[in-house]
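Me: I'd like to go through the labels people put on contacts and strands, and ask what earns each one. Can you take me through it?

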Amino acid sequence: MKRKAEKYHIFAYLCALVLVGILVTGVSLARYAASTTGEIGAGISSFACSYSISDASSLTFSDSDYWLKTDDGKFSAMNTARSVRFDIRNYTQSGGEVDRISAVDVAASVRFYAPSEFVRSLAVQVVMADSSASGYTNTAVTPQYVLADLIAAAPGNGGAAEFDTSTSVDYDDRSDGLTEAPEETLSVSGGMTGTGDSETGRIVATSAAGDVISISAETSTASYSVGFMRTNADDSAVIGDGSLMKIAPAIYIDCEKYTSFMTVDISLPEMRFEHGKAETKTFVLYITSVTESSSSDLDLAWDASTDDLLVAPKAGDAYKTLGGARVVGYHFDRELPVCGADGAVTGDTDVRVSKTYDYESGGASLSYDHIAPPGEGAASVAHAINDFFTFSGSDYAPVGSVDFSSVVGVQELYGTCSNGGTSGYIDFSGLSDDPYYDTYAEQTAAGERVYEFSEAISKGYSTLLNVLFIQASEAGGGNENA
């Protein structure tokens, strides 16, 4: 059995609004947002394959140490593993039916791409899900890989070139139905150079059973957002005094910074397919945040000088900056009414208002997204709202051209999302693009602010999660051809 963590982090109070992830001790609980790919198909000569991501439990991760040591000396888990279900096929589909089966053996691998500071805080594990009439039976086909431990084991990083997964701390691995967790001793090669934002290199770890996990680091421009707490200005409370705070969705400052990214590829014998017979295999990737990040962005606090980040630049202005990164705009979520075919309100939904700055010509452009799950049981993602309508009292009429340079352009309009219009008709009447106000009337009056901002509470990155395929005979150690 793996040893339990000896390190722990104590939090005195935890705010009940877990959705916005706030720790009221002044310690911030960050959340990393991920986006997943959709269906993809490939067909080259006799090579055919496809995959889909059928479920993702959540797209956010708590930024805290996994284990909390309680006063009685016991350990309690602070984080929850996130899971992504992949359906991988050695055939392509048309209309939901088998279209073309691969005439060559196919090998698949799961790829996860994210900033290095995030990847180093993770443990990952792959489970194979076998379907039956009663549902799925899950079997762990890899041990839990604590990525920071695996990186440290590389000879280029001063490691011993061999890594025993059982020596890592156990973060509640998924050894469902097994007497013991499927531990491995991995042969590790390669290493990393540089540190922090400039880290580059590659390591490859292989097991005797044929499992291969590779981690590559390169530098690239990262798009990310830093979220600040937003509360009602007229009903704020002193943190820790026992009274409630009215908390609105955070205001996110959108940034760009040149930093280090890591690509994690996992290739397993179970992910290989023989040619000629259509087959689908289902895998679940468990991703667990195990250590608190050291990001300095989470130490930021809003003050009077930070207000300039919400002002669109003039032509030729220098880039605004936050924590050493270029500021390219901001976004926040807002609840808006949803109307039916007769124009009557049927409910409400979440809409993201995003403003992107134009430093060359001056000003900014607006965009709007519907924030909702793409299907039942899936995590919420952003669907663009590009189609707008007017309502005459009996019917919706499409608007040919919408002005996205100002929020005035969508006043008294109704929008539908790109996810097949499943959002319904969202009423944009009176929407404000100023995060200090709720309505356009309040914004234009420029009176007393409805909201105030305080400390940074979250950080979100755009990441990539997908499946790669190669001809099985070309699948050498380390997945070099992926």
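Reply: Sure, here are the labels one by one, each set against its cut-off.

Reply: First, this is a predicted model, where local features need pLDDT of at least 70 and side-chain atom pairs count only at pLDDT 80 or more, while totals for chains, interfaces and linings use all residues. Residues are numbered from 1 along each chain as its sequence is written, and side-chain values use heavy atoms, with hydrogens and water left out.

Me: What makes Trp302 and Phe453 an edge-to-face pair?

Reply: Rings of Phe, Tyr and Trp (its six-membered ring) pair if their centres lie within 6.5 Å; planes under 30 degrees apart count as stacked, over 60 as edge-to-face and the rest as tilted. Here the centres are 5.0 Å apart and the planes stand at 90 degrees, which fits edge-to-face. A search of the whole structure finds 23 aromatic pairs.

Me: Which parts of the chain does the pair of Trp302 and Phe453 tie together?

Reply: Trp302 is in the loop between β17 (280–289) and β18 (321–322), and Phe453 is in strand β26 (residues 451–461), so the pair joins parts 151 residues apart in sequence. Strands here are DSSP runs of E, at least two residues long, and helices are runs of H or I, at least four, all numbered from the N terminus.

Me: Why is Trp302 called buried?

Reply: Buried means under 20% relative accessible area, exposed over 50%, and partly exposed in between (1.4 Å probe, protein chains only). Trp302 has 11%, so it counts as buried. Phe453, at 9%, is buried too.

Me: How do you know that Tyr396 and Tyr414 are edge-to-face?

Reply: Their ring centres are 5.4 Å apart and their planes meet at 80 degrees, so the pair gets that label. Tyr396 sits in strand β23 (residues 396–398) and Tyr414 in strand β24 (residues 414–417), so this contact ties together parts 18 residues apart in sequence. Both Tyr396 and Tyr414 are buried, and ring pairs link them with Phe389, Phe391 and Tyr425 into a cluster.

Me: What makes Arg111 and Asp265 a salt bridge?

Reply: The term needs a side-chain nitrogen of Lys or Arg within 4 Å of a carboxyl oxygen of Asp or Glu. The closest N and O atoms of Arg111 and Asp265 are 2.7 Å apart, so the label applies. The partners come from distant parts of the chain: Arg111 from strand β8 and Asp265 from strand β16 (residues 247–273), 154 residues apart. Arg111 is partly exposed at 21%, whereas Asp265 is buried at 6%.

Me: What about Lys257 and Asp197, why does that pair count as a salt bridge?

Reply: The N to O distance is 3.5 Å, so the pair passes the cut-off. Lys257, in strand β16, and Asp197, in the loop between β13 (185–193) and β14 (200–206), are 60 residues apart. Lys257 is partly exposed at 25%, and Asp197 is partly exposed at 35%.

Me: How many salt bridges does the structure hold?

Reply: There are 10 salt bridges. Glu117, Asp297 and Lys459 are linked in a network of them.

Me: What makes Lys281 sit over the ring of Phe273?

Reply: A charge sits over a ring if NZ of Lys or CZ of Arg is within 6 Å of the ring centre and within 35 degrees of the ring normal. The charged end of Lys281 is 4.8 Å from the centre of the Phe273 ring. Arg326 likewise lies over the face of Tyr319, at 4.2 Å from the ring centre.
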